[in-house]
Amino acid sequence: MDLIEWNEKYSVGSGGIDGEHKKLFSLINDLNRAMGERTDKGAGEKILLSLLEYTEYHFGNEEEILAKYSYSQLEQHKIAHKGLIGKVKELMDRVSRGREVTGDMLMLLEEWICQHILLVDRHYSEELAPYLRAE
């Protein structure tokens, strides 16, 4: 069973950005499955690294789009992204030092992605709606 499921309430109105958000959901669900299966201790670390790398990639793309359309709160958005990357790096560091991925870590990731999209991304979604449909 998936930890988080995509639905339209998470859409920001851009097929490209929504697709990247869906990929983040998928990686978190992969991590949840790996934790539940406990077959390979390194599997969680590999998925967490993939999540970190993809998050950095996604944030870079998103920030480029927001800059392209002169989003009024771009600097605040970048600060939120840096904070979130820091949280994922902290989790990665804990796991690389031998800690297993825990349910608390998964809940943090779930809350992070859902709250970020619903609260932070919603602002640019509303302001840039006419432009985002083209992305």
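**Exercise 1. Which residues of H3 are buried?**

Before we start: this is a predicted model, where local features need pLDDT of at least 70, side-chain atom pairs count only at pLDDT 80 or more, and totals for chains, interfaces and linings use all residues. Residues are numbered from 1 along each chain as its sequence is written, and side-chain values use heavy atoms, leaving out hydrogens and water.

*Solution.* Start with the cut-offs: buried means under 20% relative accessible area, exposed over 50%, and partly exposed in between (1.4 Å probe, protein chains only). With that rule, the buried residues of H3 are Leu74, His77, His81, Leu84, Ile85, Val88, Leu91, Met92 and Val95.

**Exercise 2. Work out the span that helix H3 should have, and check it against the model.**

*Solution.* Helices (H or I, at least four residues) and strands (E, at least two) are DSSP runs, numbered from the N terminus. The expected span is 1.5 Å times one less than the number of residues. H3 covers residues 74-96, which makes 23 residues, so the span should be 33 Å. The end C-alpha atoms are 32 Å apart, and that agrees. Just after H3, look at glycine 98: its phi is positive, about 105°.

**Exercise 3. Take two buried residues of H3 and list what they touch.**

*Solution.* Contact means heavy atoms within 4.5 Å.

- Histidine 77 sits in helix H3 and counts as buried because its relative accessibility is 2%. Skip the neighbours within four places in sequence, and histidine 77 is in contact with Glu62, Leu66, Tyr71, His116, Val120, Asp121 and Tyr124.
- Methionine 92 is in helix H3 too, and its 13% relative accessibility is why it counts as buried. Not counting residues up to four places away in sequence, methionine 92 touches Glu45, Leu48 and Leu49. For a distance, try aspartate 30: it lies 62 residues from methionine 92 along the chain, and their C-alpha atoms are separated by 15 Å.

**Exercise 4. Is serine 70 buried or exposed?**

*Solution.* First find serine 70: it is in the loop between helix H2 (41-68) and H3. Its relative accessibility is 57%, so serine 70 counts as exposed. Now check the backbone: serine 70 has a positive phi of about 50°, although it is not a glycine.

**Exercise 5. Place histidine 123 and say how much of it is open to the probe.**

*Solution.* Histidine 123 belongs to helix H4 (residues 103-127). Its relative accessible area is 43%, so histidine 123 is partly exposed. Then compare chain and space: valine 12 is 111 residues from histidine 123 along the chain, yet their C-alpha atoms are separated by 9.2 Å.

**Exercise 6. Zoom out and describe the whole protein.**

*Solution.*

1. Count the elements: there are five helices and zero strands, running α-α-α-α-α from the N terminus on.
2. Test the overall size. The radius of gyration is taken over C-alpha atoms, and the globule rule is 2.2 Å times the number of residues to the power 0.38. For 135 residues, a compact globule would come out near 14 Å; the protein has 15 Å, which agrees.
3. Get the extents: the C-alpha trace spans about 45 × 30 × 20 Å along its principal axes.
4. Look at burial and contacts. Buried residues make up 43% of the 135 residues. Of the contacts between residues at least 6 apart in sequence, 74% join residues at least 24 apart.
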